[in-house]
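The following exercises ask the reader to work from a sequence and a structure to a written description. Please examine both before turning to the solutions.

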Amino acid sequence: MAESLPPSRPRIPGSGLAKGLAVTLRTMTKKTVTAQYPDAQPELPPRTRGVIGLFEENCTVCMLCARECPDWCIYIDSHKETVPPAAPGGRERSRNVLDRFAIDFALCMYCGICIEVCPFDALFWSPEFEYAETDIHELTHERDKLRDWMWTVPAPPALDPGAEEPKEIAAARKSAEKLAAAAAQPESTPEPGAQGATPGTQTGTQPGSAPQAGPTDPQDGES
């Protein structure tokens, strides 16, 4: 036999209006949280993923970011130039020169893979987010715009005081200490009368010859 449901309570007329007014009265006494944008800019976290900035001096045109991008929204063009030898008798080398670096933010899904795989620290996250356009084709930004966003990248957070020193900084510090120790070491001064002498020989003699006798004291022959 099916169980019968308990009878529902009769609804009091105007109860819904009373609940709504109660919510309004509670929020009227609290501080407003409305952000007055764009007059007041929001305070974004330091790791906000806004746009990608390009530090083109570090870019070696390795194409790793374009190959690893899942959306294929990075466009890179380059050409090769011949570099003269650094020393006489050396060989000429060729290097890649960046001609174009563009990102289509209409396709970008802000995964950050390109920034993570860049081995030369040429790409960084910028918190800038005001780059809306009326035409979708204008969301492809070239390297000049990406370079301007580079200067809005926040400074990296400080390292943990208990963390190990980075290898690059440790190597640079050791090299600086060696140079400072070599500069502080006093130079050895030659003994008086030994200037111009060849090591292992006496002044005024040829290598392999017997040393010449010194001047005879006149008193030695007199007795």
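Three exercises follow, each with a worked solution.

The model is predicted, so local features need pLDDT of at least 70, side-chain atom pairs count only at pLDDT 80 or more, and totals for chains, interfaces and linings use all residues. Residues are numbered from 1 along each chain as its sequence is written, and side-chain values use heavy atoms, with hydrogens and water left out.

**Exercise 1.** Describe the surroundings of Thr48.

Solution. Step one is to place the residue: Thr48 is found in the loop between α1 (15-28) and β1 (51-54); helices (H or I, at least four residues) and strands (E, at least two) are DSSP runs, numbered from the N terminus. Step two is accessibility: Thr48 counts as buried because its relative accessibility is 18%, buried meaning under 20% relative accessible area, exposed over 50% and partly exposed in between (1.4 Å probe, protein chains only). Step three is to list neighbours: leaving aside residues up to four places away in sequence, Thr48 touches Trp125, Ser126 and Pro127, where contact means heavy atoms within 4.5 Å. Finally, a polar atom of the Thr48 side chain lies 2.6 Å from the backbone oxygen of Pro45.

**Exercise 2.** Which aromatic pair does Trp125 form with Tyr110, and what does the pair tie together?

Solution. Begin with the search of the whole structure, which finds 7 aromatic pairs; rings of Phe, Tyr and Trp (its six-membered ring) pair if their centres lie within 6.5 Å, with planes under 30 degrees apart counted as stacked, over 60 as edge-to-face and the rest as tilted. Tyr110 and Trp125 form a stacked pair, at 6.4 Å centre to centre and 25° between the planes. Tyr110 lies in the loop between β3 (93-104) and α3, and Trp125 in strand β4, so the pair ties together parts that are 15 residues apart in sequence. Tyr110 counts as partly exposed, at 24% relative accessibility, whereas Trp125 is buried, at 17% relative accessible area.

**Exercise 3.** Analyse the pair of Tyr131 and Trp149, and identify the cluster that contains these residues.

Solution. The geometry comes first: Tyr131 and Trp149 form an edge-to-face pair, at 5.8 Å centre to centre and 65° between the planes. Tyr131 belongs to the loop between β4 and β5 (140-141) and Trp149 to helix α4 (residues 143-150), so the pair ties together parts that are 18 residues apart in sequence. Tyr131 is buried at 15% relative accessibility, and Trp149 is buried at 7% relative accessible area. Lastly, ring pairs link Phe105, Tyr110, Trp125, Tyr131 and Trp149 into a cluster.

Terms used. A polar contact is a pair of N or O atoms within 3.5 Å; within protein, one must be able to donate a hydrogen and the other to accept it, and residues adjacent in sequence count only if both atoms are side-chain atoms.
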